[in-house]
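Student: Could we look at this structure together, and could you explain how its descriptive terms are earned?

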Amino acid sequence: MSEVSEAYGALAVLFSAAAFLGAIVSIIYQAKQTRAMNEEIRSSIHKDLTLHSIEDETLMHCWQPPSEPCTLAEARQHMFCNLIYRLWLADYVVGRTTQEATSIILKNHFKGEVARRHWRIMGRQWISWAKANANRRDREFVALTQQVYETAVAAGPPTEEDSYFLPAQS
């Protein structure tokens, strides 16, 4: 009888250890989910602030001044490019997209004049931010962006903004 109780005792210890390990894994998963949810909320707030600013000229002055002089229309374009870029950054950081897929997206993005102008002006700030940031994936994404941008510039001139679309047919 004592041998049977010892066997059940050992089995109970194994089940308890498995349950404890399961609880730890669950807590870690919940912490990751909470971080992701907080980032989604923060991103949503940033998007709302940016879109309100783009719509209302007076709110554009609430952000930092541009790194170099530009028209209000160009500043709006930079802010919108920044929203696009932050979306791609978030997708990369959480693993929704790979480095190869991101490289393709950025290569197409930097075919255009507006995207190149945005990165030429804002890229230094993104690079400084990434160097100061503790997140390795953030740094990888910004470094990849700089590399793809430099390759695009070396490949030749961008598609000019005025030639993105055909004129409207009457």
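The dialogue below deals with helix packing and pockets in this predicted model.

Student: Why is α5 called roughly antiparallel to α6?

Tutor: The axes of α5 and α6 cross at roughly 150° and come within 10 Å. Angles over 145 degrees count as roughly antiparallel, and α5 and α6 are therefore given that description. Their crossing is left-handed.

Student: Which residues make the contact between α5 and α6?

Tutor: From α5 come R116, W119, R120, W126, I127, W129, A130 and K131, and from α6 come D138, R139, V142, T145, Q146, Y149, A152 and V153. By class, these residues of the contact divide into 9 nonpolar, 2 polar and 5 charged.

Student: What makes α3 oblique to α6?

Tutor: Helix α3, residues 72–93, packs against helix α6, residues 136–155, at an angle of about 130°, with the axes 9 Å apart. Angles under 35 degrees count as roughly parallel, those from 65 to 115 as roughly perpendicular and those over 145 as roughly antiparallel, while the rest are oblique. The angle of about 130° belongs to none of the three named ranges, and so α3 is oblique to α6. The crossing of α3 and α6 is right-handed.

Student: How do you know that α3 and α6 are in contact, and which residues meet?

Tutor: Contact means heavy atoms within 4.5 Å, and by that cut-off Y85, W88, L89, Y92 and V93 in α3 meet R137, D138, E140, F141, V142 and T145 in α6. Sorted by class, the contact has 7 nonpolar, 1 polar and 3 charged residues.

Student: What lines the largest pocket, and how much space lies in it?

Tutor: About 1500 Å³ of space lies in the largest pocket. It is lined by 46 residues, of which R42, H46, N82, R86 and W126 are the closest to its centre. The elements that give two or more residues to this lining are α1, α2, α3 and α5, and the largest share, 14 residues, comes from α1. The lining divides into 21 nonpolar, 15 polar and 10 charged residues.

Student: Which element gives the largest share of the lining of the second largest pocket?

Tutor: That share, 5 residues, comes from α6, and the elements that give two or more residues to the lining are α4 and α6. About 210 Å³ of space lies in the second largest pocket, and its lining includes S103, K107, F110 and R116. By class, the lining has 5 nonpolar, 4 polar and 3 charged residues.

Conventions: Residues numbered from 1 in each chain as written. Predicted model: local features only at pLDDT ≥ 70, side-chain atom pairs only at ≥ 80, totals over all residues. Heavy atoms only, no water. Axes fitted to C-alpha atoms, helices over the stretch in contact; angles between N-to-C directions. Helix = DSSP H or I, 4+ residues; strand = E, 2+ residues; numbered from the N terminus. Left-handed = near helix turned anticlockwise from the far one by under 90°. Nonpolar A, V, L, I, M, F, W, Y, C, P; charged D, E, K, R; others polar. 1 Å grid on protein atoms, 1.4 Å probe; cavity = no way out; pocket = protein on both sides within 12 Å on 5 of 7 lines; lining within 4 Å. Points joined across faces, edges and corners; volume = space filled by probe spheres on them.
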